[in-house]
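Biologist: I am new to this structure and would like to go through it with you. Could you put it on the screen before I begin?

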Amino acid sequence: MDILVGKAADLSEGGRKIITHNDEQIGVLRAKGKLHAFSNICPHQGGPACEGVLVHKVEEIIGSDKQLIGRKYDENVLHLVCPWHGWEFNIETGRCAGDGKHRLRRYEVRERDGDVYVVV
């Protein structure tokens with residue numbers, strides 16, 4: 001079943017919309033030019049994961065002496081950060097960056113005739 005989200009033009013890069021279907025909130029967002037949709041429930045403690053910020057993956061730079069030298073951002077990997085406790089999720093897969101056994105429930109998104117739909 002396709003659920004209408006709205007006009008594709010209204011979801012610019014980094015933009016998002018939260019819809020409700022059968023008492024479940026689904027977050028739809030555009031990141032890296034693609035549309036993504038997830039259940040708006042963080043597996044940690046039920047926070048509104050889809051309302052968090054988008055950040056590039058942080059990588060620690062470790063020296064030969066095993067000491068932290070600094071950090072850098074991986075521009076190729078984007079994370080959605082739950083606003084409650086900072087759990088990060090890969091925008092492409094929904095997997096938790098800190099513990100891959102946790103993930104956001106992902107939905108298929110379709111763009112048709114200028115409209116965006118979530119498949120439930």
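Biologist: Let me start with one residue: is Cys50 buried or exposed?
Modeller: Cys50 counts as buried, because its relative accessibility is 0%. Buried means under 20% relative accessible area, exposed means over 50%, and partly exposed lies in between, with a 1.4 Å probe and protein chains only.

Biologist: Before we continue, what kind of model is this, and how are residues numbered?
Modeller: This is a predicted model, in which local features need pLDDT of at least 70 and side-chain atom pairs count only at pLDDT 80 or more, while totals for chains, interfaces and linings use all residues. Residues are numbered from 1 along each chain as its sequence is written, and side-chain values use heavy atoms, with hydrogens and water left out.

Biologist: Back to the cysteines, then. How many disulfides are there?
Modeller: The structure has zero disulfides, a disulfide being a pair of cysteine sulfur atoms within 2.5 Å.

Biologist: Why is Cys50 not bonded to Cys82?
Modeller: The sulfur of Cys82 is the closest cysteine sulfur to that of Cys50, but the distance is 9.1 Å, which is too far for a bond.

Biologist: And what about Cys96: which cysteine sulfur is closest to its own?
Modeller: That is the sulfur of Cys42, at 7.3 Å, again too far for a bond. Cys96 counts as buried, with 7% relative accessibility.

Biologist: Let us step back. How many helices and strands does the protein have?
Modeller: There are zero helices and nine strands. Both are DSSP runs numbered from the N terminus: helices are H or I with at least four residues, and strands are E with at least two. Along the sequence, the pattern reads β-β-β-β-β-β-β-β-β.

Biologist: What are the overall dimensions, and how much is buried?
Modeller: Along the principal axes, the C-alpha atoms fill a box of roughly 55 × 30 × 20 Å. Of the 120 residues, 41% count as buried.

Biologist: What share of the contacts comes from residues 24 or more positions apart?
Modeller: Among contacts with a separation of 6 or more, such residues account for 47%. A contact here means heavy atoms within 4.5 Å.

Biologist: Now the strands. What is the order in the open sheet of three strands?
Modeller: The order is S5-S6-S7, and the pairing is antiparallel. Two strands pair if DSSP finds at least two bridges between them.

Biologist: Which strands stand at the edges?
Modeller: Strands S5 (54-62) and S7 (88-90) do; each has a single partner strand, so one side of each is left without a neighbour in the sheet. Neighbouring strands of this sheet are turned by 45° against each other on average, direction ignored. For that angle, axes are lines fitted to C-alpha atoms (for helices over the stretch in contact), and angles run from 0 to 180 degrees between N-to-C directions.

Biologist: How many bridges join S6 to S7?
Modeller: Three bridges join strand S6 (residues 68-81) to S7, and the two run antiparallel. His79, for example, has Asn90 in S7 as its bridge partner.

Biologist: Changing topic: how many salt bridges are there?
Modeller: The count comes to 10 salt bridges, where a salt bridge is a side-chain nitrogen of Lys or Arg within 4 Å of a carboxyl oxygen of Asp or Glu.

Biologist: What does Asp2 form a salt bridge with?
Modeller: Its partner is Arg112, with the closest N and O atoms 3.3 Å apart. Asp2 lies in strand S1 (residues 2-7) and Arg112 in strand S8 (residues 106-112), so this pair ties together parts that are 110 residues apart in sequence. Asp2 is partly exposed at 29%, and Arg112 is partly exposed at 36%. A network of salt bridges links Asp2, Glu108, Arg110 and Arg112.

Biologist: Where is Arg30 found?
Modeller: Arg30 is in strand S3 (residues 24-31). Arg30 is buried, with a relative accessible area of 13%.

Biologist: Which residue meets Arg30 in a salt bridge?
Modeller: Glu111 does, at 3.9 Å from N to O. This pair links distant parts of the chain, Glu111 in strand S8 and Arg30 in strand S3, 81 residues apart. Glu111 counts as partly exposed, at 48% relative accessibility.

Biologist: What else does Arg30 touch?
Modeller: Not counting residues up to four places away in sequence, Arg30 touches residues including Ala8, Leu11, Ser12 and Leu35. A polar atom of the Arg30 side chain lies 2.5 Å from the backbone oxygen of Leu11.

Terms used:
Polar contact = N/O pair within 3.5 Å; in protein donor to acceptor, adjacent residues only side chain to side chain.
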